[in-house]
Amino acid sequence: MLVLVAPGQGAQTPGFLTPWLDLPGVEDRLRALSAAVDLDLVHYGTDADADEIRDTAVAQPLLVAAGLVSAAALGDVTPGAVAGHSVGEITAAVLAGVLDDTAALTLVRKRGLAMAEAAAITATGMSALLGGDPDTTVAHLEKLGLTPANVNGAGQIVAAGTMEQLAALEADKPEGVRRVVALKVAGAFHTRHMAPAVDTLAKAALELSPADPKITYVSNKDGRTVASGAEVLERLVGQVANPVRWDLCMETFKELGVTALLEVCPGGTLTGLAKRALPGVKTLALKTPDDLDAARELIATAAGSAADAAGANA
């Protein structure tokens with residue numbers, strides 16, 4: 001079984017969309033999406049520098065747009081399941097048929113702006129912790145007043161909170177943690193500090209008409225599959241202020257029988273986690289159009305394996 005996944009904020013790099021504009025229709029699609037949300041996605045994906053695309057209000061719609069154009073470049077693909085990390089969940093919602101492109105970009109534009117505003121209220125941030133026992137690490141973070149905002153599996157947890165709390169973490173690492181790496185983000189995403197953004201998104205969601213997923217959708221909230229479009233949208237709203245449980249998403253991938261994982265552009269982060277947490281699963285990250293042939297080969301192999309399994313069970 002193939003699972004198609006979409007990365008979250010921090011995966012973007014300067015110029016990462018430049019090679020994709022050489023594909024027929026990509027620039028036109030990006031310009032149409034740009035017009036819908038009043039944001040020049042072509043500029044930000046090609047000419048903007050690292051500081052410009054680090055802006056939450058820019059990064060989030062840029063990532064969703066990138067995921068959608070790269071997935072479309074694969075052709076007619078029907079994965080066994082879809083999921084996204086943080087803002088990547090909105091990309092996954094489109095891939096599953098819950099939202100259309102314009103609705104998704106409109107929602108993510110409002111999401112990015114609302115989270116940027118919430119982040120400006122208090123000086124907050126996030127730090128990745130590598131290694132250590134998850135239970136020990138989480139208990140230590142809670143003692144310091146920090147939130148385990150991303151529990152990513154494969155020995156990685158991201159802590160979020162005030163800058164003072166993160167400084168205390170640097171000075172007092174949990175037992176077994178090898179490194180604490182400060183992340184270049186604008187605030188403590190997926191924590192109580194984002195509560196104001198939840199209210200804004202809840203109002204925006206009232207204007208949307210989600211469809212039920214046509215493809216199995218795996219949620220960050222608890223790793224569960226969600227069959228109702230209304231519930232997917234409800235979870236997208238609430239997830240802004242709640243931890244991302246990517247570890248549980250990967251557990252669900254195992255239960256579903258995943259054999260291949262393909263990460264849409266700008267891929268790399270989630271395939272790296274899968275290589276450590278899902279041994280035996282074939283992985284591929286879509287970074288540039290040069291990866292498309294290998295991606296199609298992976299898709300074909302996964303489809304062949306699924307057909308063989310169905311025949312064996314018939």
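## Pockets, a cavity and the nonpolar cores

The second largest pocket has a volume of about 210 Å³. Of the 14 residues lining this pocket, those closest to its centre are Leu 4, Ala 71, Gly 75, Val 77 and Leu 95. Keep in mind as you look around that this is a predicted model. Two helices, H4 (56-73) and H5 (88-95), each supply at least two residues of the lining. H4 gives the most, with three residues. By class, the lining of the second largest pocket has nine nonpolar, two polar and three charged residues.

Now for the largest pocket, which holds about 650 Å³ of space. It is lined by 32 residues, and the closest to its centre are Gln 9, Gly 10, Ala 11, Leu 183 and Val 185. Helices and strands both take part: helices H3 (50-54), H6 (101-119) and H12 (269-277) each give two or more residues to the lining, as do strands E3 (124-131), E4 (147-153), E5 (156-162) and E6 (177-182). The lining of the largest pocket divides into 16 nonpolar, 13 polar and three charged residues.

There is also an enclosed space to look at. The structure holds one cavity of 30 Å³ or more, and the volume of the largest cavity is about 40 Å³. Its lining consists of Ser 86, Glu 89, Ile 90, Arg 111, His 190, Leu 236 and Gln 239.

Here are the three linings by residue class:

| Space | Nonpolar | Polar | Charged |
|---|---|---|---|
| Largest pocket | 16 residues | 13 residues | three residues |
| Second largest pocket | nine residues | two residues | three residues |
| Largest cavity | two residues | three residues | two residues |

From the spaces we can turn to the packing. The largest nonpolar core has 82 residues, of which Leu 74, Leu 99, Leu 107, Tyr 217 and Leu 262 touch the most other members. H4 gives the most to this core, with 10 residues; H4 is also the element that gives the most to the lining of the second largest pocket.

Leu 107 is a handy place to start exploring. Leaving out residues up to four places away in sequence, Leu 107 touches Ile 90, Leu 99, Leu 201, Ala 204, Leu 208, Leu 233 and Leu 236. Among these neighbours, Ile 90 and Leu 236 also line the largest cavity, while Leu 99 is itself one of the core residues that touch the most other members.

Apart from the largest nonpolar core lies another core, of 19 residues, including Met 1, Val 218, Val 244 and Trp 246.

Terms used
Residues are numbered from 1 along each chain as its sequence is written. This is a predicted model: local features need pLDDT of at least 70, side-chain atom pairs count only at pLDDT 80 or more; totals for chains, interfaces and linings use all residues. Side-chain values use heavy atoms; hydrogens and water are left out. On a 1 Å grid over the protein atoms alone, a cavity is a set of points where a 1.4 Å probe fits but cannot get out, and a pocket is an open set with protein on both sides within 12 Å along at least five of seven lines; lining residues have an atom within 4 Å of a point. Grid points are joined across faces, edges and corners, and a volume is the space filled by probe spheres set on the points. Helices (H or I, at least four residues) and strands (E, at least two) are DSSP runs, numbered from the N terminus. Ala, Val, Leu, Ile, Met, Phe, Trp, Tyr, Cys and Pro count as nonpolar, Asp, Glu, Lys and Arg as charged, and the others, Gly among them, as polar. A nonpolar core is a set of buried Ala, Val, Leu, Ile, Met, Phe, Trp, Tyr and Cys residues joined through side-chain atoms within 4.5 Å. Buried means under 20% relative accessible area, exposed over 50%, partly exposed in between (1.4 Å probe, protein chains only). Contact means heavy atoms within 4.5 Å.
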